[in-house]
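Visitor: I am new to reading models like this one. Could you show me the structure and let me ask how its labels are earned?

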Amino acid sequence: MTGLIDSHCHLDHFTDDELPTLLAAAKEAGVSGMVTIGTRLARAEEQKALTRFSSPDVRVWCTVGTHPDHVEEDPLPSVQAIVDIANAPEVIGIGESGLDYFHGDESVRPLQQDSFRRHIGAARELNVPIIIHARQADEDIAQILREETAIGSFPILLHCFASSAALAECVVELGGYVSFSGISTFPKCGEFREVARNLPGDRILVETDSPYLAPVPRRGKRNEPAYVAYTAACIAQERGQTPDDFTRMTTDNFYRLFRKAA
């Protein structure tokens with residue numbers, strides 16, 4: 001049976017010496033693939049290079065883009081510049097991009113919004129998913145997604161769900177998918193499990209966001225792709241599904257969304 005896919009991790013936070021052991025642990029946990037996510041477009045080549053660790057047992061793909069927390073570090077790229085960098089076989093998505101209002105610096109919000117729209121434009125041009133980072137910016141993200149979808153459709157993935165049910169419903173309404181991380185296993189995060197329980201099964205993915213947000217029972221440890229199995233087991237139980245059925249469902253969803261990964 002095809003294994004779980006960790007749809008969002010950051011392999012660039014691990015050393016080259018650590019990665020073979022990390023991938024072996026992922027295989028042992030039933031993981032058959034993972035996507036290492038870009039956070040700075042200027043380091044896109046580093047993300048692409050990580051796909052060399054891919055094997056028939058555990059596939060490694062990547063995305064490229066600039067996280068909203070880093071939009072001030074370099075001049076904003078044009079849509080075409082993002083397209084040119086992302087137009088490679090190993091790159092299966094754009095991002096992560098989106099909005100992060102957590103730090104409260106309102107002056108940077110227009111820059112984040114501009115960057116987000118440019119990343120969406122590249123995702124539309126290449127017909128690959130835009131991987132969305134959303135933190136305390138649900139209403140603006142929903143508005144931008146609706147406005148940009150009116151211009152032309154594009155695949156959508158809301159990653160590491162920790163938002164309102166309204167944003168999840170907006171994403172699904174626009175044809176997108178929602179990915180759940182270790183946050184959903186935390187005892188005080190029942191509202192996120194409730195969203196996972198109620199969403200259509202064909203719109204759900206799972207991830208680690210490793211090395212961050214290790215799930216229960218590994219909370220407090222450095223996260224890694226193997227631990228996506230804990231999140232999957234938690235959400236499967238919440239939805240009343242067997243682990244095998246949930247694995248099949250989310251893996252099918254992954255390949256439907258990330259068409260270049262097939």
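Visitor: Where does Asp209 lie?

Guide: Asp209 is in the loop between strand 8 and helix 8. Helices (H or I, at least four residues) and strands (E, at least two) are DSSP runs, numbered from the N terminus. A word on the source: this is a predicted model, where local features need pLDDT of at least 70, side-chain atom pairs count only at pLDDT 80 or more, and totals for chains, interfaces and linings use all residues. Residues are numbered from 1 along each chain as its sequence is written, and side-chain values use heavy atoms, leaving out hydrogens and water.

Visitor: Why is Asp209 called buried?

Guide: Buried means under 20% relative accessible area, exposed over 50%, partly exposed in between (1.4 Å probe, protein chains only). Asp209 has 10%, so Asp209 is buried. Its phi is near 60°, a positive value in a residue other than glycine.

Visitor: Which peptide bond leading to Pro211 is cis?

Guide: The one from Ser210, with omega near 15°. Pro211 sits in the loop between strand 8 (204–206) and helix 8 (228–239). The bond from Val216 to Pro217 is cis too, with omega near 15°. Pro217 lies in the loop between strand 8 and helix 8.

Visitor: What makes helix 5 and helix 6 roughly parallel?

Guide: Axes are lines fitted to C-alpha atoms, for helices over the stretch in contact, and angles run from 0 to 180 degrees between N-to-C directions. The axes of helix 5 (residues 138–151) and helix 6 (residues 165–173) cross at roughly 10° and come within 10 Å. Angles under 35 degrees count as roughly parallel, over 145 as roughly antiparallel, 65 to 115 as roughly perpendicular and the rest as oblique. Helix 5 and helix 6 are therefore roughly parallel.

Visitor: How many disulfides are there?

Guide: Zero. A disulfide is a pair of cysteine sulfur atoms within 2.5 Å. The sulfur of Cys9 is 11 Å from the closest cysteine sulfur, in Cys62, so it is too far for a bond. Cys234 is in no disulfide either, as the nearest cysteine sulfur, that of Cys189, is 10 Å away.

Visitor: Is Cys234 buried or exposed?

Guide: Buried, because its relative accessible area is 18%. Cys9 is buried as well, at 0%.

Visitor: What does Ser115 touch?

Guide: Contact means heavy atoms within 4.5 Å. Not counting residues up to four places away in sequence, Ser115 touches Thr66, Val71, Leu76 and Ser97. Ser115 lies in helix 4 (residues 109–126). At 2% relative accessible area, Ser115 is buried.
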